[in-house]
Amino acid sequence: MASSTPGVPERRGIPGAEFVEDVQTYLTQSGLNVNSALAFLLERLQQYKLVEMRLLAQQRNIQAKIPDIEKCLDMVATLQTEKGTGEARITDFEVSEGIYYCARIEDNDSVCLWLGANVMLEYSYEEATALLQKNLDNAKASLEVVDADLQFLRDQATITQGNAILLGPLMGLSCNICFAREFLVDGNVFFFFS
């Protein structure tokens, strides 16, 4: 993405948008005419949309991983509690999507974890629990970061849309008020009309 305006906050490579309070001052300071400024703002909006699509895909991937990790943690805990009983456990496990196989799990001290990229390793129950808990904590932390990035991105897109609408009257366009949105930026309430 293009670099942001100096003094405007940036978050993890997402440029911040500065709310334009005075359009004429903005145009003078940026050295742009109305058409160029509008083109810049619309291009920035497109960039925000592309980043939003990428972040939403990341969010979906992480949200899909968390239940799988939790399910693995529960299974390791179940196997660990049944350890030492001397009884085999009969269970169905998923071989592929929608394909299950009945298995007999003998009493043992380890479990194999699929790490991906055609790699499976054997761990003790304690090591498996520690690894899975670490992966779960990392996934939840990553999800919080992606959620915060999405919120920041949406705020910047809203500010940019508002700035583009402010340029409309200078181009001889009338802005019909279709809806109004209220948003909060740095403790200030702004209304966005389009």
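**Salt bridges, pockets and surface features**

R12 is exposed, with a relative accessible area of 56%. This value comes from a predicted model, as do the others below. The partner of R12 offers a contrast: D149 is buried, at a relative accessible area of 2%. Since buried means under 20% relative accessible area and exposed means over 50%, the two residues fall into opposite classes, R12 as exposed and D149 as buried. Their side chains meet in a salt bridge, with N and O 2.6 Å apart. R12 belongs to the segment before α1 (23–30) and D149 to helix α3, so the pair ties together parts that are 137 residues apart in sequence. The contact is also part of a network of salt bridges in which R11, R12 and D149 are linked.

The structure holds eight salt bridges, and two further examples can be set beside the R12 and D149 pair. In one of them, E70 is bridged to K140, and the closest N and O atoms are 3.9 Å apart. This pair links distant parts of the chain, with E70 in helix α2 and K140 in helix α3, 70 residues apart. E70 counts as partly exposed at 31% relative accessibility, and K140 likewise counts as partly exposed, at 39%. The other example joins E106 and R104, whose closest N and O atoms are 2.7 Å apart. Here R104 is exposed, with a relative accessible area of 57%, whereas E106, at 45% relative accessibility, counts as partly exposed. The class of E106 follows from the cut-off, because a residue must be over 50% to be exposed.

Helix α3, home to D149 and K140, also holds E144. E144 is exposed, with a relative accessible area of 58%. In space, its C-alpha is 9.3 Å from the C-alpha of Q59, while 85 residues separate the two in sequence.

Attention now turns to the space between these elements. The largest pocket has a volume of about 1,300 Å³. It is lined by 32 residues, and the closest of them to its centre are D68, C72, C112, L113 and W114. Two or more residues of the lining come from each of α2 (34–81), β1, β2, β3 (110–116) and α3 (125–167). Among these elements, α2 gives the most to the lining of the pocket, with nine residues. Sorted by class, the lining of the largest pocket contains 20 nonpolar, five polar and seven charged residues.

Enclosed space was examined as well, and a search of the whole structure finds one cavity of 30 Å³ or more. The volume of the largest cavity is about 80 Å³. Its lining is made up of L79, E82, T85, E87, R89, I105, E106, D107, N108 and Y125. E106 thus appears both in this lining and in the salt bridge with R104. By class, the residues that line the largest cavity divide into three nonpolar, two polar and five charged.

On the surface, F93, V95, I99 and Y101 form a nonpolar patch, with about 420 Å² of accessible area together. The elements that give two or more residues to this patch are β1 (89–96) and β2 (99–105). Both strands also give two or more residues to the lining of the largest pocket. One of the patch residues, Y101, lies in strand β2, and Y101 is exposed, with a relative accessible area of 52%. Its class rests on the cut-off for exposed residues, because exposed means over 50% relative accessible area.

The backbone has its own points of interest in the loop between β3 and β4 (119–124), where A117 is found. A117 has a positive phi of about 55° although it is not a glycine. N118 is placed in the loop between β3 and β4 too, and its phi is also positive, at about 60°, although N118 is not a glycine. As for the surroundings of these residues, A117 is exposed, with a relative accessible area of 75%, and N118 is exposed, with a relative accessible area of 72%.

Methods. Residues numbered from 1 in each chain as written. Heavy atoms only, no water. Patch = residues over 30% accessible without salt bridge, like charges linked within 9 Å, V, L, I, M, F, W, Y side chains within 5 Å. Areas by Shrake-Rupley, 256 points an atom, 1.4 Å probe, with all protein chains shown as cover. Salt bridge = Lys/Arg side-chain N within 4 Å of Asp/Glu carboxyl O. Helix = DSSP H or I, 4+ residues; strand = E, 2+ residues; numbered from the N terminus. Buried < 20%, exposed > 50% of the residue type's maximum accessible area, 1.4 Å probe, protein only. 1 Å grid on protein atoms, 1.4 Å probe; cavity = no way out; pocket = protein on both sides within 12 Å on 5 of 7 lines; lining within 4 Å. Points joined across faces, edges and corners; volume = space filled by probe spheres on them. Nonpolar A, V, L, I, M, F, W, Y, C, P; charged D, E, K, R; others polar.
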